[in-house]
Amino acid sequence: MANSKLDNQNSEVVIRGKFNVTIKPVRGRIYVIRDRCKGCGFCVTFCPKGVLELSEDFNSKGYHYPILKEEPPDKICINCGFCSLICPEFAIFNEED
Ligand code: SF4
Ligand code: SF4
């Protein structure tokens, strides 16, 4: 009978049974155009993994911009793209890591 476990060190799901399958979670990389950001916080609020927060630093317009605060293995960017979809200023982008 198949069973599965999450390998905490490598963030991999390993399913054992008739077949041995290793599924690596998709990881994302985030880019922020700081001076375009208006600090609205939409990306922070709606990120489904909760891996964004507003920096304590200011951009050139005086707004706090988002930074990544991952806590592996569970709290990682999954490259869903929702932050870039929801940003009204086109200030944040994602790509697969
Ligand atoms: S790509 Fe998805 S998981 Fe990654 S920071 Fe953006 S909203 Fe969050
Ligand atoms: S949604 Fe866009 S403008 Fe708003 S805080 Fe995030 S990056 Fe800045």
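Going along the sequence, the protein chain reads β-β-β-β-α-β-β-α-β. That comes to two helices and seven strands. Keep in mind that this is a predicted model. Of the 97 residues in the protein chain, 15% are buried. Among contacts between residues at least 6 apart in sequence, 56% join residues at least 24 apart.

**Around ligand 1**
- Ligand 1 has 15 residues around it, and the closest are Cys 47, Cys 77, Cys 80, Phe 82 and Cys 83.
- Strand E4 (28-32) and helix H2 (82-86) are the elements that give two or more residues to this shell.
- By type, the shell around ligand 1 splits into ten nonpolar residues, four polar and one charged.

**Around ligand 2**
- Ligand 2 is surrounded by 14 residues, with Cys 37, Cys 40, Phe 42, Cys 43 and Cys 87 coming nearest.
- At least two residues of this shell come from helix H1 (42-46), and at least two from strand E6 (64-68).
- The shell around ligand 2 holds ten nonpolar residues, two polar and two charged.

**The nonpolar core**
- The largest nonpolar core has 14 residues, and Val 32, Cys 43, Cys 83 and Ile 92 have the most contacts inside it.
- Two of those names turn up beside the ligands as well: Cys 83 is among the closest residues to ligand 1, and Cys 43 is among the nearest to ligand 2.
- Leaving aside residues up to four places away in sequence, Val 32 touches Cys 37, Tyr 65, Pro 66, Ala 91 and Ile 92.

**The E5-E6 hairpin**
- Strand E5 (residues 52-58) and strand E6 run antiparallel, joined by four bridges.
- Across the pair, Phe 58 stands opposite His 64 in E6.
- Five residues sit between the two strands of the hairpin, where Gly 62 takes a positive phi near 90°.

**Two residues to look at in that hairpin**
- Which strand holds Tyr 65? Tyr 65 is in strand E6.
- Is Tyr 65 buried or exposed? Tyr 65 is buried, because 21 other C-beta atoms lie within 10 Å.
- Not counting residues up to four places away in sequence, Tyr 65 touches Val 32, Arg 34, Cys 37, Gly 39, Leu 54, Ser 55 and Asn 59.
- One of those partners, Cys 37, is 28 residues from Tyr 65 along the chain, yet their C-alpha atoms are separated by 6.0 Å.
- Leu 54 belongs to strand E5, and Leu 54 counts as partly exposed because it has 16 other C-beta atoms within 10 Å.
- With the same sequence neighbours left out (up to four places away), Leu 54 touches Gly 39, Gly 41, Val 44, His 64, Tyr 65 and Pro 66.
- The C-alpha atoms of Leu 54 and Leu 68 are separated by 8.7 Å, with their places 14 residues apart along the chain.

**Backbone oddments in the loops**
- The peptide bond from Pro 72 to Pro 73 is cis, with omega near 10°, and Pro 73 lies in the loop between E6 and H2.
- Asn 79 is in the loop between E6 and H2 too, and has a positive phi of about 60° although it is not a glycine.
- Asn 79 is partly exposed, since 16 other C-beta atoms lie within 10 Å.
- Phe 90 is not a glycine either, but has a positive phi of about 55°.
- You'll find Phe 90 in the loop between H2 and strand E7 (92-96), where Phe 90 counts as exposed because it has 10 C-beta neighbours inside 10 Å.

Key
Residues numbered from 1 in each chain as written. Chains lettered and ligands numbered in written order. Predicted model: local features only at pLDDT ≥ 70, side-chain atom pairs only at ≥ 80, totals over all residues. Buried ≥ 20, exposed ≤ 12 C-beta atoms within 10 Å, placed from the backbone. Contact = placed C-beta atoms within 7 Å. Near = placed C-beta within 6 Å. Nonpolar A, V, L, I, M, F, W, Y, C, P; charged D, E, K, R; others polar. Core = buried A, V, L, I, M, F, W, Y, C linked by C-beta atoms within 7 Å. Pairing = 2+ DSSP bridges.
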